[in-house]
Amino acid sequence: MPQWGLTENQRFARPWGISAEWLEPAKVNTDPIHGDIYLNRLEQAIVDSPPFQRLRRIRQLGMVHLVYPGATHTRFSHALGALRVVQDLLDIVLNQRNGRHADLDLFQQWEERFGSLVPKRRGQREPVKEFELKIAEAVVLARLGSLLHDLCHVPYGHTIEDDLKLLTPHDENKERLGFYWESLGNNGKESDFTAVQNILNKAPLRKALRIILLSKVHEKAPDVRLREMERYPFVADLVTNTICADLLDYLPRDHNFTGLPVELGQRFMSAFYVLPAEEGEEKLHYQERMALRLSDDGRERHDIKSELLKHLRYRYELQERAIVHHAKLAADSMLGKALELWYRDLKEDAAKKAGGGNVSSVVDRGGEPDEVWSALERDVGIKEASEVEAGVKTHVENRVRTLGDDSLLEYLAGALESPDDAPPVGARVRALARDVLDRRLYKRAAEARRTGTKGRLYELFKSRSKQRSLERAAAHFAGVPEEHVVIWLPDPKMRLKVAEVLVDFGHGVAPFEQHSEQAHEIYKSHEDLWTATVFVHRKVKEDKLDAVVLARLAELMGVEWDRHQPRSANQPQQWPICLAASRELDEDLLEAELKNLLELEATKKAAHRTSADLTFADLCAEIAPHAKKIKARRKAGAVPG
């Protein structure tokens, strides 16, 4: 295939009804990973339009550049790289039937079944056969799909969408796709813009592209989702499967710009082919899907398998050393807290404007944001309150969809406020954003990564409202500002990706993860990277209040953190009293002494206060006289009791 994807005759055959002039070679871009990347005129018009240029301002790895300074590469360069890789993959699968170990594939079937000539069009030197037109349509779809697959990403989207769930994720956000879609091709020439929009809005092409770009909307079984494309389901495998143009670009690109070592071979790619339609029971299930041939003449291709595993291992290494690096997660947690506080301020302001007496009374006494919102529901009803909240989400969506990484942080830091912003960004939000910009990151107080706790922990505390309550309680107990404590509790399944690439192992076809124990082990290693983490402001750490924060969280969450555990505490619920007692005694409690103090504490709570009222200073003051008695008994050699 030509570097631009189509032969001259295929261009003139008008795949998807696109005129030949829009499929002509247009521009060559030089890339540090792949060398030259070739764009046709339609692709170049899309690249030159504002929604795509915006991707220059969104880093591929988010906050990773705060750990690896070179990791400032963008989703723009990644999208161009993915287009180059998808063309390489197309060249392989389209030509495999002419190779040494050819399999019956979809394109051979097409050649046999669709050999009739398509009527010659104006400008063609000779007519093309129907199967060549089908190939041309698949090529156009694959190139556009790879170019646009990250179109809907916003700054720090994983934090905003997946962690905080403030906005609908990019791969199911129909409204955001529509917003960007309507500006694609707007390169400053009105005639070009109109022509590109007419091309992209042709019903069959638009439908197929939307299924690729909005993968979560169609998140049924992958094979069912791809059959919904009606035409060329293998294209989605080329663009966004486990081993696909997306991964084959970002793996070397991310390693290159982080400086992490990588040695990847490409020979295994020659084993890709597209399964035929209606060919055997197993292959029927995966018909017209892309697969890797792991067997030749009944013998396993160990070279292909090992290279496939190598790619999966490097993907794991990138996750381990960059994506979940503690400094990167600290920055993510701070940004998340800033966004959350900003969102809460917007909601409270909206509630004040829309509410009545209940809202006013809660605001006057300084009630929490959740109380303000409950008051709004009482004032105007749940339906009206939901509409107010939808307006707040729209405000946030409209703001982030036009910004880049740094401009979002600068906006939150108060540098880019505009007159229509109400309320202005608050002081706590500005301080957090400024600290991220200046890399004054929160410190990791502790982790809880025991695999037996992660499912239970996430189910108990996955909602941010519950996590906020925990952060407030721990901050109150330690006597520090609420925003100085952040719990990072990701979904255990987030960013995990099973090795779904299909493999033909000689006796059938199956996802690689099911066929290979080693692939499954790599997936399990990804799972083991999960951890619940507590981050605190550097001053909290300097004042040695992080142990106090962790003691309260241990009590409330039932978690044993990996740091600052009082040696005399047998259970998480005992951490606060053991920590207070050890500080008053300058040593650990004996078991009988702990039992007496716990009984005393339980009696006091039942009599005149709740644990929520208690601060660590209060607890130390209460324990002080008992600690004095314990010291006296120990000095006298008396048995505790």
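## A sheet of four strands

In this predicted model, strand E4 (residues 290-293) and strand E9 (residues 502-504) run parallel, joined by three bridges. Look across from Ala-291 and you'll find Leu-502 of E9 standing opposite. E4 also pairs with E3, again through three bridges, but here the two strands run antiparallel. Ala-291 turns up once more in this pairing, as the bridge partner of Tyr-273.

Now put the strands in order. The sheet is open, has four strands and reads E3-E4-E9-E10, with mixed pairing. Strand E3 (272-274) and strand E10 (509-511) are at the edges with a single partner strand each, so one side of each has no neighbour in the sheet. On average, neighbouring strands here are turned by 40° against each other, if you ignore direction.

What about the two faces of a strand? In a regular strand, side chains alternate between the two faces of the sheet. E4 is covered on both faces: Met-290 and Leu-292 sit on one side, Ala-291 and Arg-293 on the other, and all of them are buried.

## A hairpin early in the chain

Strand E1 (residues 25-31) and strand E2 (residues 35-40) make an antiparallel pair with six bridges. To get from E1 to E2, the chain goes through a hairpin of three residues. You can spot one of the bridges by finding Asp-31, whose partner in E2 is Gly-35.

## Salt bridges

Side chains of opposite charge can pair when their charged atoms come close. How many salt bridges does the structure hold? There are 44. Let's pick out a few.

Start with Arg-253 and Asp-249, whose closest N and O atoms are 2.8 Å apart. Both of these residues are buried. They are about one helical turn apart, because they lie four residues from each other in helix H13 (residues 245-258).

Next come Lys-337 and Glu-482, with a salt bridge of 3.7 Å from N to O. This pair ties together distant parts of the chain: Lys-337 belongs to helix H16, Glu-482 to the loop between H23 and strand E8 (485-488), and 145 residues separate them. Both residues are buried. They also belong to a network of salt bridges that links Lys-337, Glu-340, Arg-344, Asp-370, Arg-428, Arg-464, Arg-468, Glu-471, Glu-482 and Glu-483.

One more to find is the salt bridge between Lys-462 and Glu-459, at 3.4 Å from N to O. Is Lys-462 buried or partly exposed? Its relative accessible area is 42%, so Lys-462 counts as partly exposed.

## The second largest pocket

Rolling a probe the size of a water molecule over the atoms shows where empty space is left. The second largest pocket has a volume of about 460 Å³. It is lined by 19 residues, and those closest to its centre are Tyr-343, Lys-347, Arg-464, Ser-465 and Arg-468. Two of these names may look familiar: Arg-464 and Arg-468 are also in the salt-bridge network.

Which elements give two or more residues to the lining? They are helix H16 (326-354), helix H18 (369-380), helix H19 (382-400) and helix H23 (464-478). H16 gives the most, with four residues. As for character, the lining has eleven charged residues, six nonpolar ones and two polar ones.

Conventions. Residues numbered from 1 in each chain as written. Predicted model: local features only at pLDDT ≥ 70, side-chain atom pairs only at ≥ 80, totals over all residues. Heavy atoms only, no water. 1 Å grid on protein atoms, 1.4 Å probe; cavity = no way out; pocket = protein on both sides within 12 Å on 5 of 7 lines; lining within 4 Å. Points joined across faces, edges and corners; volume = space filled by probe spheres on them. Nonpolar A, V, L, I, M, F, W, Y, C, P; charged D, E, K, R; others polar. Salt bridge = Lys/Arg side-chain N within 4 Å of Asp/Glu carboxyl O. Buried < 20%, exposed > 50% of the residue type's maximum accessible area, 1.4 Å probe, protein only. Pairing = 2+ DSSP bridges. Axes fitted to C-alpha atoms, helices over the stretch in contact; angles between N-to-C directions.
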